[in-house]
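Notebook open, model loaded. I wanted to see how one helix sits against the rest of the fold.

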Amino acid sequence: KQQKIEDQERENEELKYYLYYEDDNESDATVIGMTYQSDPMFFYRFVASLRATGYSGNIIIGVEQDNLPHDLLAYLHNQSVTLHNLTPLQCTFQFAKE
């Protein structure tokens, strides 16, 4: 009987975390991505796959905006995607150069 009580307590504890992460209010959720010199199709697939699931939260993508085609920028704007401009820098970490 004691084992059954312990099992039930453990299950209740696990259920508490499951319910916490089972939040269906995604309007205040955010998905963040970052890319550098990606094919425009990447953006269409990434955003469309999120929106196709019914995801209505924020999408933020860090990208070098100067290289994006105007039709892609219009699509991202229509999908309420926030773009943050990234400026590539030379890596100064010694091991990364080797």
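**Buried side.** I started with α2 and found its buried residues to be F43, V47 and L50. Buried here means under 20% relative accessible area, exposed over 50%, and partly exposed in between (1.4 Å probe, protein chains only). They span an arc of only 60° around the axis, so they sit on the same side of α2; the arc is taken from the directions from the helix axis to the C-beta atoms.

**Ground rules.** This is a predicted model, so I note that local features need pLDDT of at least 70 and side-chain atom pairs count only at pLDDT 80 or more, while totals for chains, interfaces and linings use all residues. Residues are numbered from 1 along each chain as its sequence is written, and side-chain values use heavy atoms, with hydrogens and water left out. Helices (H or I, at least four residues) and strands (E, at least two) are DSSP runs, numbered from the N terminus.

**Other side and cover.** Which exposed residues are on the face of α2 turned away from its buried side? I found R45 and A52 there. The cover over the buried residues of α2 includes β1 (30–34), β2 (58–63), α3 (70–78) and β3 (81–85).

**Length and ends.** I checked α2 (residues 40–52) end to end: its 13 residues reach 18 Å from first C-alpha to last, close to the 18 Å expected at 1.5 Å a residue. That expected span is 1.5 Å times one less than the number of residues. At the N-terminal end, D39 is the cap, with a side-chain oxygen 2.7 Å from the backbone nitrogen of M41. Just past α2, I noted a positive phi of about 95° at G54.

**Core.** I then looked up the largest nonpolar core, which has 12 residues, among them F43, V47 and L50. Such a core is a set of buried Ala, Val, Leu, Ile, Met, Phe, Trp, Tyr and Cys residues joined through side-chain atoms within 4.5 Å. I also listed what I59 touches, leaving out residues up to four places away in sequence: V31, F46, V47, L50, R51, S80, V81 and T82. Contact means heavy atoms within 4.5 Å.

**A loop residue.** Is T35, in the loop between β1 and α2, buried or exposed? T35 counts as buried because its relative accessibility is 9%. Beyond its neighbours within four places in sequence, T35 has contacts including F42, F43, I61 and L86.

**Whole chain.** Last, I wrote down the pattern along the sequence, α-β-α-β-α-β-α, and that 17% of the 98 residues count as buried.

Note on methods. A polar contact is a pair of N or O atoms within 3.5 Å; within protein, one must be able to donate a hydrogen and the other to accept it, and residues adjacent in sequence count only if both atoms are side-chain atoms.
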